[in-house]
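Dear colleague,

Please find below the structure that I am handing over to you. A short account of what was found in it follows.

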Amino acid sequence: MGRSDVRATAKKRRVGFKGFTLIELLVVIAIIGVLVGLLLPAVQQAREAARRSTCVNNLKQIGLALHNYNNANNKLPPGGEWRHDLPWASPPSPNPEQGGVMVRILPYIEQNTLYEQIDFDSNASVQTQMINGQRLREYVIPTYVCPTDGHEGFVIHANVKRGFSNYGANYGPTGAGGNGNPNCSCALNYDSYRPATGFNQDNPAGPFTRRGNKFQCTFEDVIDGLSKTIFFGEVRLDCSNHANQGWALSNNGQGLFNTQYPLNYDSCQPDVASAGGDGCGAICNWKTEFGYRSQHPGAINFLMGDGSVRGLNEDVDHTAFQVLGCRADGKVANL
């Protein structure tokens, strides 16, 4: 083949090549967009499944820690604890905070090094004590953080950095009388759902109470059975000022979170005005803020007394939920 023939063949090839038209290019982009749109929900579901799996595992670790604590002390840790008693109960002075359940189980979730540096004999509250250059309340404990929450394990509350917990110890259906916070009044009352009466903060319907100086539950106190009683559930700091206090404080909702309120009740508005004047919908109220909730789509995870974890739909039967929340009502929940 001569040089002229080669040039002619190359010219034909150039003439025969057709590029994408604008319409064809737009069609390809549209197809790619549709494929991405179909794939994205699946990716998001896979990520949420992984986050929820981590959250369930955290609850299992807390359950194991509670059992190990019980084996060592013949009782469960206090929900909240001060050296003597609640600060507003006229106790002797000084009366520093001693933390509560989330502090006491530290040695059993591989945080023994941190726990050993806490001075429980000090007149300083444990949450303010300096340990390795930062206050105890500033430490982020991975086992206490559910990745679905969307935070990085800490919150700035009252201009103070605080590590938080997405898991709350169950006070049970103990009662919800009064309007609560006078600056954030909520008149809702779910006491009619209580499966048993006679319980109070010194003898809670659930296994934990904020008044841990007066009551620490034993397994023998869980008359209904460990597998049939809620010990812990998921909480959101965006919906509870007490949860915002952080894991290391005594008055942080542990032993106040309870089954009285419907799951995922929206108390997540920053103030009463944002809630449309309804204190029950604001983070500052002292009633609905203690309900259990999560950001998992439509479900909340709960730790039972035997160490198992159950996921409950947010529309679970309310009365049956109270039965699960109570440790000693002699009833069986049919879910």
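A contact here means that heavy atoms lie within 4.5 Å. Among contacts in the protein chain between residues at least 6 apart in sequence, 68% link residues at least 24 apart. Please note that the model is a predicted one.

As to the overall form, the protein chain contains five helices and 10 strands. Its radius of gyration is 27 Å, well over the 20 Å that the globule rule gives for 335 residues, so the chain is more spread out than a compact globule. The C-alpha trace spans about 110 × 50 × 40 Å along its principal axes.

Turning to the surface, the protein chain exposes about 16000 Å², and carbon and sulfur atoms supply 51% of this area. Of the 335 residues, 48% count as buried. The chain carries 29 positive and 29 negative charges, and the mean positions of the two sets are 13 Å apart.

One helix deserves separate mention. Helix α5 covers residues 318–325, and seven of its eight residues are buried, so this helix is largely enclosed by the rest of the structure. Its buried residues include His318, Phe321, Val323 and Leu324. What do the buried residues of α5 pack against? Their partners are the strands β8 (230–234), β9 (299–304) and β10 (309–313). At the N-terminal end of α5, Asp317 acts as a cap, with a side-chain oxygen 3.3 Å from the backbone nitrogen of Thr319.

With kind regards

Key
Residues are numbered from 1 along each chain as its sequence is written. This is a predicted model: local features need pLDDT of at least 70, side-chain atom pairs count only at pLDDT 80 or more; totals for chains, interfaces and linings use all residues. Side-chain values use heavy atoms; hydrogens and water are left out. Helices (H or I, at least four residues) and strands (E, at least two) are DSSP runs, numbered from the N terminus. The radius of gyration is taken over C-alpha atoms; the globule rule is 2.2 Å times the number of residues to the power 0.38. Buried means under 20% relative accessible area, exposed over 50%, partly exposed in between (1.4 Å probe, protein chains only). Accessible areas come from the Shrake-Rupley method with a 1.4 Å probe; for residues, only the protein chains shown count as cover. Lys and Arg count as positive and Asp and Glu as negative; His and the chain ends are not counted. The place of a charge is taken as NZ of Lys, CZ of Arg, CG of Asp or CD of Glu. A polar contact is a pair of N or O atoms within 3.5 Å; within protein, one must be able to donate a hydrogen and the other to accept it, and residues adjacent in sequence count only if both atoms are side-chain atoms.
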